[in-house]
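Work through the exercises below with the sequence and the structure in view. Try each task before reading its solution.

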Amino acid sequence: MTGPVEYLVVGFPDGAISDDLAPELAKLVDNEIIRLLDLVVLTKDTSGDVAVTEFDELDQFASFAEVDAEVGGLISAEDIDFVGDDLDPGSAAAVLLVEDLWAASLADALDRSGGFMLDGARIPRDLADAAIAGL
């Protein structure tokens, strides 16, 4: 059974993918918190041209060699175009498709009980931090 699957788009306004991202991603995969299904890196130069690097081409980012992905090719050209259109010139983004292994047993329980996930959303960190600080 597959746990919930979600996509994440993380941006880097200076155009450089942080070396801190890959080791943290590798920890989540190694600790079976998530399963990385696909990862694509987009960079937009100052003239507005978007370059795309697929997960299996990430050898140019040495830190990603530690990250174990199960599959690739799930992020579509349309997804890439959508993200690329919104990127500011001179910036970069990583698009990740992950299975939330931490929630797989909850998804199984929902299935067994005839329930299903109606909706979900990620609350921006600054809003969550402000709300928790206000408690």
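## Exercise 1: A pair within one helix

Lys-27 is partly exposed, because its relative accessibility is 45%. The model is a predicted one.

Task: Find which residue forms a salt bridge with Lys-27, and say where the two lie.

Solution.
- Step 1. Apply the cut-off: a side-chain nitrogen of Lys or Arg must be within 4 Å of a carboxyl oxygen of Asp or Glu.
- Step 2. The partner is Glu-24, with the closest N and O atoms 3.1 Å apart.
- Step 3. Both residues belong to helix H1. They are three residues apart, about one turn of the helix.
- Step 4. Glu-24 has a relative accessible area of 43%, so Glu-24 is partly exposed.

## Exercise 2: A pair between strands

Task: Describe the salt bridge between Glu-99 and Arg-35, and state whether each residue is buried, partly exposed or exposed.

Solution.
- Step 1. The closest N and O atoms of Glu-99 and Arg-35 are 2.7 Å apart.
- Step 2. This pair links distant parts of the chain. Glu-99 is in strand E4, Arg-35 is in strand E2, and 64 residues separate them.
- Step 3. Buried means under 20% relative accessible area. Glu-99 has 3%, so Glu-99 is buried.
- Step 4. Arg-35 has a relative accessibility of 27%, so Arg-35 counts as partly exposed.
- Step 5. Look at Gly-3 as well. Its backbone nitrogen lies 2.6 Å from a polar atom of the Glu-99 side chain.

## Exercise 3: A pair in helix H4

Task: Work out how the side chains of Arg-125 and Asp-129 meet, and how exposed each residue is.

Solution.
- Step 1. The two side chains form a salt bridge, at 3.8 Å from N to O.
- Step 2. Both residues lie in helix H4, four residues apart, about one turn of the helix.
- Step 3. Exposed means over 50% relative accessible area. Arg-125 has 69%, so Arg-125 is exposed.
- Step 4. Asp-129 has 44%, so Asp-129 is partly exposed.
- Step 5. For the whole model, the count of salt bridges is four.

## Exercise 4: The nonpolar cores

Task: Name the residues that touch the most other members of the largest nonpolar core, then trace the contacts of Leu-39.

Solution.
- Step 1. The largest nonpolar core has 19 residues. Those touching the most other members are Leu-25, Leu-36, Leu-39, Phe-55, Phe-64, Val-67 and Leu-96.
- Step 2. H1, E2 and strand E4 (92–100) each supply at least two residues of this core.
- Step 3. Set aside the neighbours of Leu-39 within four places in sequence. Its remaining contacts include Leu-25, Phe-55, Phe-64 and Leu-96, and also Thr-53 and Glu-54.
- Step 4. Another core, of 10 residues, lies apart from the largest one. Among its members are Val-40, Ile-80, Leu-87 and Ala-93.

## Exercise 5: Nonpolar at the surface

Task: Identify which residues make the nonpolar surface patch of about 300 Å², and place Ile-33 in the chain.

Solution.
- Step 1. The patch is made by Leu-28, Ile-33 and Trp-102.
- Step 2. Ile-33 sits in the loop between helix H1 (21–30) and strand E2 (34–44).
- Step 3. Its relative accessibility is 34%, so Ile-33 counts as partly exposed.

## Exercise 6: A loop proline

Task: Locate Pro-124, and state how far its C-alpha atom is from that of Val-29.

Solution.
- Step 1. Pro-124 is in the loop between helix H3 (104–112) and helix H4 (125–133).
- Step 2. Its relative accessible area is 42%, so Pro-124 is partly exposed.
- Step 3. Pro-124 and Val-29 are 95 residues apart along the chain, and 23 Å separates their C-alpha atoms.

Notes. Residues numbered from 1 in each chain as written. Predicted model: local features only at pLDDT ≥ 70, side-chain atom pairs only at ≥ 80, totals over all residues. Heavy atoms only, no water. Patch = residues over 30% accessible without salt bridge, like charges linked within 9 Å, V, L, I, M, F, W, Y side chains within 5 Å. Areas by Shrake-Rupley, 256 points an atom, 1.4 Å probe, with all protein chains shown as cover. Buried < 20%, exposed > 50% of the residue type's maximum accessible area, 1.4 Å probe, protein only. Core = buried A, V, L, I, M, F, W, Y, C linked by side-chain atoms within 4.5 Å. Contact = heavy atoms within 4.5 Å. Polar contact = N/O pair within 3.5 Å; in protein donor to acceptor, adjacent residues only side chain to side chain.
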